[in-house]
Structures are given as C-alpha cells and as structure tokens.
Amino acid sequence: MKTIEVNGRRYRWMDDPLVVVCVDGCEFDYLERAAAAGCTPYLARVLREGTAFKGDCVVPSFTNPNNLSIVTGVPPAVHGICGNYFYDREADAEVMMNDPRYLRAGSVLAAFAQAGASVTVITAKDKLRALLGHGLKGICFSAEKAAQATLAQNGIADVVGLVGMPVPSVYSAALSEFVFAAGVKLMRARRPDLMYLSTTDYVQHKYAPGTEGANAFYAMMDGYLARLDAEGAVLALTADHGMNAKTRADGSPNVIYLQDLLDRWIGAGGARVILPITDPYVVHHGALGSFATVYLDAAQRDAIGERLAAIEGIDLVLPNAEACARFELPPDRMGDLVVVSGKHVVLGTSAARHDLSGLDAPLRSHGGISEQTVPLLFNRRSAGIPGHARLRNFDVLDVALNHLERAALDRTAAAARS
Ligand SMILES: [Zn+2]
C-alpha cells in the first residue's frame with residue numbers, strides 16, 4: 001500500500017479524489033440547523049449516514065493558523081503560523097504573517113504533489129493563497145484574484161472563463177460560491193487526486209446558525225458538495241474555527257480595549273498589545289477577536305497578568321511558556337502574556353484604532369476557546385478512529401485518507417437495505 005509521510009504523520013494514497021473543504025467560521029450548529037430546516041438535503045444525509053465528529057481547532061481560533069494546521073497536519077508550534085499578524089521581535093516591527101517565509105513546515109498538499117498526485121487549491125481570499133500553495137506543484141488560486149490567475153503563477157489560466165461566474169466582491173457570500181463552483185468545474189475537467197477548498201466567513205460573521213442568511217449559504221454549499229459527491233469524490237469537511245455573538249444586551253460590541261487599559265495602568269509605551277486577527281479585511285469584524293498577546297517588561301508581567309485576569313469577560317491570562325505549551329504555539333512569535341476573552345467578549349487595542357463604522361450587523365467574531373469546537377464531516381463511513389482521544393481539525397486528512405471505508409454512502413445504504 002502506497003503511503004507518504006509528512007511532518008511525522010503517515011497518509012495512505014487516495015483511491016478516489018479527495019476534496020477537503022475548510023468552511024470558514026463553521027460552528028457545528030450551522031450544519032445541524034440548516035439540515036433541520038430542510039435547506040441542505042445532501043448535508044443532512046451525510047450527517048445521518050456518513051461520519052460526523054466534533055473536534056477542536058487551534059487556539060487562537062483564527063483563519064490562518066487553522067488553515068495551515070489543516071494542510072500540514074500539525075499545530076502552529078510546528079508550522080509557525082500563529083496568527084494573521086504578529087510582532088517580529090527581531091525586526092522590532094508589527095507585520096502580517098501571510099508570507100511563506102514564516103512557514104516552518106511543508107504541507108501535505110505539497111508532499112502529495114511532489115510524490116506525483118495532481119493537487120488543486122482554491123481559496124476565497126487571496127491572503128491565504130501564498131501560504132497554502134507554498135512549495136506546491138499544481139493549481140492554486142484565490143476567488144478574489146481569479147481574474148489575474150496565470151499558468152505560470154497559479155498553474156491555470158482563464159479561471160473566470162472556466163467558472164462562468166463574475167469575480168465577486170471580497171465582502172460577499174458569492175466569494176465562497178466561486179470557490180465551490182470552480183471546484184466542481186475542475187473536478188469534472190481534470191479530476192485532481194486532492195483538492196483543498198477554503199471559503200470566507202463573511203456570512204458567519206453576519207448571520208447566526210439557523211437564520212435565513214446562514215441557511216441560504218449552506219443551501220448553496222449543499223448543491224456544490226452534492227455535485228462533487230456525484231463525481232465520486234471523498235468529501236472531508238471541517239472548519240478553521242467557530243463563531244459567536246460578541247455583543248452586549250443592547251447589541252453593541254462587547255469590547256475590552258487592552259491597550260487603553262495598560263496605558264492607564266503603566267503609562268503609554270509600557271506595553272504593546274497585538275491582535276493576531278488583524279488583517280487587511282476588517283470591515284466585518286473591526287479587527288476584534290477573543291485572543292490577544294501582550295509584550296511588556298518582564299518585571300511587570302505577573303502583576304499585570306493578575307490584574308487582567310480579574311477583569312470580568314477575560315477568561316484566561318497565561319505567561320508565554322504556559323500558553324504556548326497549552327495551545328501548541330511557537331513561543332518566539334507570542335508575547336509575554338496571552339489573553340483570551342469569554343464567549344461574548346472581544347479584545348481590542350485602543351478604541352481609537354478600531355474602525356467599527358463598517359459593522360452593519362451586531363458583532364460576531366472568534367479567536368478564543370469558546371470558538372474551538374468545529375465539525376469533522378465525511379461522506380464515507382469510518383470504522384472508528386484509533387489513537388485519537390481528542391480529534392482536531394488538523395486530523396482531517398488523517399481521517400479522510402487512513403480511516404474511512406472505501407464504499408460511497410448510497411452504495412452502503414443500498415447494501416444495508418438489500
Ligand atoms: Zn476564519
């Protein structure tokens with residue numbers, strides 16, 4: 001049996017094309033509520049007859065650390081990407097972490113391509129494309145920049161012509177639809193061995209599970225997933241993180257502005273608050289999430305940590321070493337303190353630095369432990385998953401390749417009936 005080993009884990013070669021879908025911000029509830037409302041007949045069947053688990057994502061429960069964990073099969077302590085944004089101590093600069101030079105491990109996608117598999121990666125936003133496609137010989141493009149895709153850069157040209165859909169706004173549900181539509185077209189045209197589809201959480205930031213806006217999104221997704229299934233693909237669906245309302249009773253954002261607080265306590269310039277959620281696309285969340293890291297004088301660390309921990313709405317304050325051990329993070333890319341806020345609370349820097357004018361719906365966001373539970377859903381049965389006390393979203397490739405039955409669901413169901 002042919003296998004490959006990547007980052008210390010072994011994966012069986014795929015028999016059928018494998019499509020891994022990372023549905024950005026997909027609380028398990030979105031799937032169950034849409035299915036219960038009759039909006040997603042295909043997903044309802046997979047929930048019922050396939051394999052469905054609840055697992056844990058990586059904390060900070062943000063997009064980039066989790067997408068990279070999923071494609072490398074290991075946590076940020078190994079692959080190095082622990083946020084969208086960080087303070088580079090060596091360069092003394094706050095920088096985006098979306099450059100592949102920050103990656104410390106290769107992906108399972110690149111390894112399969114290297115070993116001869118045909119691999120396709122499609123992301124919604126372009127910010128993930130370079131990281132996910134690093135070292136990859138294959139097709140890799142974003143819906144956002146689909147019109148600019150070239151054979152030399154992306155392994156494919158004229159994506160817009162192939163998909164037959166105009167390139168949507170970066171703030172739209174349609175950006176994710178473009179990802180699925182392209183995936184179905186490419187599955188039919190080229191039948192890649194391995195496909196990774198990653199959507200955007202624009203809808204999940206706006207709509208709670210079971211609402212009309214959310215159900216419409218999952219209904220859209222349902223149609224495309226059913227088409228991929230009909231092509232004989234094994235589908236493995238997970239999420240980068242969950243999503244919760246982060247508002248007060250009156251609907252206003254429930255924010256603790258850490259930088260303002262620390263400036264008051266120890267003077268301006270005494271501490272630096274970094275929000276790893278920070279990225280160029282902030283309209284739908286105002287750069288507010290439930291995870292922050294603080295750089296400050298070592299002598300003040302414990303006293304400040306205790307004071308922060310006493311604030312209502314802050315769930316956890318840990319020194320660097322403890323936080324990095326607990327959440328499997330790279331210590332050199334985290335501050336002296338790690339701060340996690342509660343289920344309905346977010347952390348900011350200074351009130352003046354957050355533009356909330358783009359928020360046209362009550363704030364929903366993520367980043368904390370409260371958004372750690374994510375689905376792992378497969379359109380095949382499993383014979384049990386040995387060796388996993390606690391399933392992680394970055395086990396999705398292991399489960400899909402090593403622990404699923406070969407037979408498709410309808411055949412299984414037919415056999416059971418006969
Ligand atoms: Zn996300």
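Visitor: How far apart are the mean positions of the positive and negative charges of the chain?

Guide: Lys and Arg count as positive, Asp and Glu as negative, while His and the chain ends are not counted. Each charge is placed at NZ of Lys, CZ of Arg, CG of Asp or CD of Glu. Here the 40 positive and 45 negative charges have mean positions 5 Å apart. Please keep in mind that this is a predicted model, where local features need pLDDT of at least 70, side-chain atom pairs count only at pLDDT 80 or more, and totals for chains, interfaces and linings use all residues. Residues are numbered from 1 along each chain as its sequence is written, and side-chain values use heavy atoms, with hydrogens and water left out.

Visitor: Which protein donors does the zinc ion have?

Guide: Donors are N, O and S atoms within 2.8 Å of the metal (3.2 Å for Na, K and Ca); water is not among the atoms, so sites may look incomplete. For this zinc ion they are Asp24 through OD, listed twice, Thr63 (OG1), Asp240 (OD) and His241 (NE2), at 1.9 to 2.7 Å. The spacing of the donor residues in sequence is D-x38-T-x176-D-H. Asp24 sits in the loop between β3 (18-22) and α1 (28-36), and Asp240 in the loop between β10 (234-238) and β11 (244-245), so this pair ties together parts 216 residues apart in sequence. Helices (H or I, at least four residues) and strands (E, at least two) are DSSP runs, numbered from the N terminus.

Visitor: Are Asp24 and Asp240 buried or exposed?

Guide: Buried means under 20% relative accessible area, exposed over 50%, and partly exposed in between (1.4 Å probe, protein chains only). Both Asp24 and Asp240 are buried. Across the chain, buried residues make up 59% of the 418 residues.

Visitor: What should I look for in the backbone?

Guide: Most residues other than glycine have a negative phi, and most peptide bonds are trans. In this model, the peptide bond from Val59 to Pro60 is cis, with omega near 10°. Pro60 belongs to the loop between β4 (51-56) and α3 (63-72).

Visitor: Where do Asp158 and Arg191 lie?

Guide: Asp158 is in the loop between α7 (151-154) and α8 (159-163), and has a positive phi of about 50° although it is not a glycine. Asp158 counts as exposed, at 54% relative accessibility. Arg191, with phi near 45°, is in the loop between α9 (174-190) and β9 (194-198). Arg191 is partly exposed, its relative accessible area being 40%.
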